[in-house]
Amino acid sequence: MPVAAAEPKILVVGDSLSAGYGIDLRTGWVSLLQNRLKQKGYPHRIVNASISGDTSASALSRLPGSLKRHQPKIVIIEIGGNDGLQGLP
């Protein structure tokens, strides 16, 4: 019997907007996207590697490990708000 291929992964790397800080995680955009993909028949699974308060520099430093660990087919990067709030370049 053939082994089913692993579902393709979508890696989301972001800040509180993607991590769902302060809201019911089921109402955040990452969860809504996962639900929409499922409704439309896509086999993708979203891995949310977002961290509230994250900056571009810290997300970039974590990215290679996340790519290696999850081996995603698609990567969505939502980052930068905290850089602006903290006055970072």
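**A Guided Reading of the Chain**

Trainee: With which side chain does the side chain of Ser50 make a polar contact?

Mentor: In this predicted model, the place to look is the loop between strand 2 (45-48) and helix 3, where Ser50 is found. There the side chain of Ser50 makes a polar contact at 2.6 Å, and the partner is the side chain of Asn48.

Trainee: Which backbone nitrogen does the side chain of Ser50 reach?

Mentor: Leaving aside neighbours within four places in sequence, Ser50 is in contact with several residues, including Val12, Val13, Asp15 and Ser18. Its side chain also reaches a backbone nitrogen at 3.1 Å, that of Gly14.

Trainee: Does Ser50 count as buried or exposed?

Mentor: The relative accessibility of Ser50 is 13%. Buried means under 20%. Because 13% falls under that cut-off, Ser50 counts as buried.

Trainee: In what order do the elements of the chain run from the N terminus on?

Mentor: The chain holds four helices and three strands. Strand 1 covers 9-14 and helix 3 covers 56-70, while strand 3 covers residues 74-78. From the N terminus on, the order of the elements is β-α-α-β-α-β-α.

Trainee: Which residues make up the largest nonpolar core?

Mentor: This core has six residues in all. Strand 1 and helix 3 each supply at least two of them. Apart from it lies another core, of five residues, among them Ile10, Val12, Leu37 and Ile46. The members of the largest nonpolar core are Leu11, Val13, Val47, Ala49, Ala59 and Leu63.

Trainee: With which residues is Leu63 in contact, leaving aside its neighbours within four places in sequence?

Mentor: Leu63 belongs to the largest nonpolar core, as do Leu11 and Val13. Once the neighbours within four places are set aside, the contacts of Leu63 are Leu11, Val13 and Ile77.

Trainee: Which residues make the nonpolar surface patch of about 240 Å²?

Mentor: One member lies in strand 3, namely Val75. Val75 is partly exposed, since its relative accessible area is 37%. The patch is made by Leu67, Val75 and Ile77.

Trainee: How many residues apart in sequence are the parts that Glu7 and Arg45 tie together?

Mentor: Glu7 and Arg45 form a salt bridge, with the closest N and O atoms 2.8 Å apart. Glu7, at 39% relative accessibility, counts as partly exposed, and so does Arg45, at 33%. Because Glu7 lies in the segment before strand 1 and Arg45 in strand 2, the parts they tie together are separated in sequence by 38 residues.

Trainee: Which residue meets Asp54 in a salt bridge?

Mentor: A search of the whole structure finds three salt bridges, one of them between Asp24 and Arg26 at 2.6 Å. Asp54 is buried, with a relative accessible area of 6%. Its partner counts as partly exposed at 25% relative accessibility. At 2.4 Å, N to O, the side chain that meets Asp54 is that of Arg62.

Trainee: Of the contacts in the chain with a separation of 6 or more, what share do residues 24 or more positions apart account for?

Mentor: The chain has 89 residues, of which 30% count as buried, and its C-alpha trace spans about 55 × 30 × 15 Å along its principal axes. For contacts with a separation of 6 or more, the share from residues 24 or more positions apart is 76%.

Technical notes
Residues numbered from 1 in each chain as written. Predicted model: local features only at pLDDT ≥ 70, side-chain atom pairs only at ≥ 80, totals over all residues. Heavy atoms only, no water. Core = buried A, V, L, I, M, F, W, Y, C linked by side-chain atoms within 4.5 Å. Buried < 20%, exposed > 50% of the residue type's maximum accessible area, 1.4 Å probe, protein only. Helix = DSSP H or I, 4+ residues; strand = E, 2+ residues; numbered from the N terminus. Contact = heavy atoms within 4.5 Å. Polar contact = N/O pair within 3.5 Å; in protein donor to acceptor, adjacent residues only side chain to side chain. Patch = residues over 30% accessible without salt bridge, like charges linked within 9 Å, V, L, I, M, F, W, Y side chains within 5 Å. Areas by Shrake-Rupley, 256 points an atom, 1.4 Å probe, with all protein chains shown as cover. Salt bridge = Lys/Arg side-chain N within 4 Å of Asp/Glu carboxyl O.
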